[in-house]
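Here are some remarks on the model, set out as numbered points so that each can be checked against the coordinates. They begin with the strands, continue with single residues and end with the helix packing.

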Amino acid sequence: MKLPFFIALRYLKSRKKGLSFGTLISISGVALGVMALIVVISVISGFHEDLQKKILGAQAHAVVLSYSGSIKDYDKLGVFFSEKNDILAFSPFVMGQVLISSGKRAHGVYLRGIIPEYDMKTTEVFKHVKYKYENYTDLPWIIIGKELANLLGVLPGDSITIISPMGSIGPLGIIPKVKKFIITGIFEIGMYEYDMNLAITDLKIAQDFFEYGDKVTGIQLKLKNVYKANTVSQSLSKELGEDYYVKDWMQMNRNLFSALKLEKFAMFVILTLIVLVASFNIISMLMVNVTEKQRDIAILKSMGATDNLIKLIFMYQGFLIGIIGVLIGLTGGLILCEIIKSYEIVKLPADVYYLSKLPVKVKIFDIILISVSALFISLVSTVYPAHRAAKINPVEILRYE
């Protein structure tokens, strides 16, 4: 096995010192393909992680809901959840759609009623409150997102009006329920969906406003392992019985994460074509090498070299090109990822993406997958040239020597 390897290593070089031009082109193609794959896949993984972080900043890991539309004995369920090792915290909430207005501006939002000390243990909304108002009045408190505050033109300390379409029926038809609130805080999670369409107030206030009595819409759960949310949710659904169902954060954002997953796969397939193009360079370079080395191959065969040994020489040659290209591509890709992560080379409009620079997340699994794929393509590209080299007839080549 050592002989084919050393011959393959010699064939990578030109007659002068250094690698041949064809070898350099082949290595460069593999290296560029691997580098592009690492950078792009790492950026998509960065977007995925950043999005997940923002979603879990506003949502709980799982939510317990009732088929009847409300949960009455949520205190008993709280005792049940506190005994579960997989659950770190729980928080009851009331949720409803309302119209929020200030002056002549209005917008439809979700009003969530919570118990602040409980909610702080299950979500991170209060950690994202950037503007506060401490001078409380007789009006009930409410906190809203930054985008919603900009749309309404309000600041902490201003009063707003909440209107519920589910009002009482009077002589003139349905009379909407109206209530004034004072803005005590403005949060900025960094995701438009929440910063524009979510408002938070006290649980008792929301229960009175939506006429829930002592009932709640559901119970938010914070789990020990966020990535086991699906398994824990299914287990809880079975234990709670037919009246309840549990939705985890991945189910509630399935379309969004499915789109990101599909985009990541599509980019991997598209950029793998760069490595495939590089494999054609390897094939053409090896075919030229086979033609140039016909006399050497004939001499080796006349000395007793088998077809398999000749095949190994050219397969080693292509595989060495793949290894060198992958190593250069990995090094370049990781360096470029670190540069993008540390410096604002690519600037993003913060008002659109809520990011000033590209997020980068390098995953070991992605690196291994890219490297193995590139090496496999490089190895496969050697099969035909190696087969052609093994089929050379030494008698025909050495006849006129």
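1. Two strands are taken to pair when DSSP finds at least two bridges between them. By that criterion strand β1, residues 62-66, pairs with strand β9, residues 218-223, through 4 bridges, and the two strands run antiparallel. Strand β1 is also joined to strand β10, residues 244-248, by 5 bridges, again in the antiparallel sense. The model is a predicted one, and the remarks that follow should be read with this in mind.

2. For the overall setting, the chain contains 16 helices and 10 strands, and 45% of its 401 residues count as buried. Of the contacts in the chain between residues at least 6 apart in sequence, 79% connect residues that are at least 24 apart.

3. How many residues of β1 are buried? The count is 5 of 5, and the strand is accordingly described as mostly covered. Both of its faces are covered, with Ala62, Val64 and Ser66 buried on one side and Val63 and Leu65 buried on the other.

4. Val64, which lies in strand β1, is a convenient residue from which to inspect this region. Its bridge partner in β9 is Ile219, while in β10 its bridge partner is Val246. Val64 has a relative accessible area of 0%, and therefore counts as buried, since the limit is under 20%. When residues up to four places away in sequence are not counted, Val64 touches Ile71, Phe81, Thr217, Gly218, Ile219, Leu221, Leu240, Tyr244, Tyr245 and Val246. One of these, Tyr244, is 180 residues from Val64 in sequence, although the C-alpha atoms of the two residues are 6.9 Å apart in space.

5. Is His61, in the loop between α2 (21-58) and β1, buried or exposed? His61 counts as buried because its relative accessibility is 9%. Its side chain reaches the backbone nitrogen of Leu223 at a distance of 2.9 Å. Leaving aside neighbours within four places in sequence, the residues in contact with His61 are Leu56, Leu221, Lys222, Leu223, Val226, Ala229, Asp248 and Trp249. Leu221 therefore appears in the contact lists of both His61 and Val64, contact being taken as heavy atoms within 4.5 Å.

6. Strand β2, residues 87-102, and strand β3, residues 105-114, run antiparallel and are joined by 10 bridges. Ser102 stands opposite Arg105 of β3. The hairpin formed by β2 and β3 has 2 residues between the strands, and within this hairpin Gly103 adopts a positive phi near 65°. Strand β3 also pairs with strand β8, residues 198-202, in the parallel sense and over 5 bridges, and there Leu111 is placed opposite Ala199 of β8.

7. A backbone value that a reviewer may wish to inspect is the phi of Glu211, which is near 55° and thus positive in a residue other than glycine. Most residues other than glycine have a negative phi. Glu211 is located in the loop between α7 (203-209) and β9, and it counts as exposed because its relative accessibility is 63%.

8. Among the helix pairs, helix α10, residues 254-292, packs with helix α14, residues 364-380, at an angle of about 30°, with axes 9 Å apart. The crossing of α10 and α14 is right-handed. On the α10 side the contact is made by Lys264, Phe268, Thr272, Val275, Leu276, Ser279 and Ile282, and on the α14 side by Asp366, Leu369, Ile370, Ser373, Ala374, Ile377 and Ser378. By class, the residues of this contact comprise 8 nonpolar, 4 polar and 2 charged.

9. Helix α12, residues 307-342, and helix α15, residues 383-390, pack at an angle of about 145°, with their axes 8 Å apart. Their crossing is right-handed. Here Asp307, Ile310, Lys311, Phe314 and Met315 of α12 meet Ala386, His387, Ala389 and Ala390 of α15. The residues of this contact divide into 6 nonpolar, 1 polar and 2 charged.

Note on methods:
Residues numbered from 1 in each chain as written. Predicted model: local features only at pLDDT ≥ 70, side-chain atom pairs only at ≥ 80, totals over all residues. Heavy atoms only, no water. Axes fitted to C-alpha atoms, helices over the stretch in contact; angles between N-to-C directions. Left-handed = near helix turned anticlockwise from the far one by under 90°. Nonpolar A, V, L, I, M, F, W, Y, C, P; charged D, E, K, R; others polar. Buried < 20%, exposed > 50% of the residue type's maximum accessible area, 1.4 Å probe, protein only. Polar contact = N/O pair within 3.5 Å; in protein donor to acceptor, adjacent residues only side chain to side chain.
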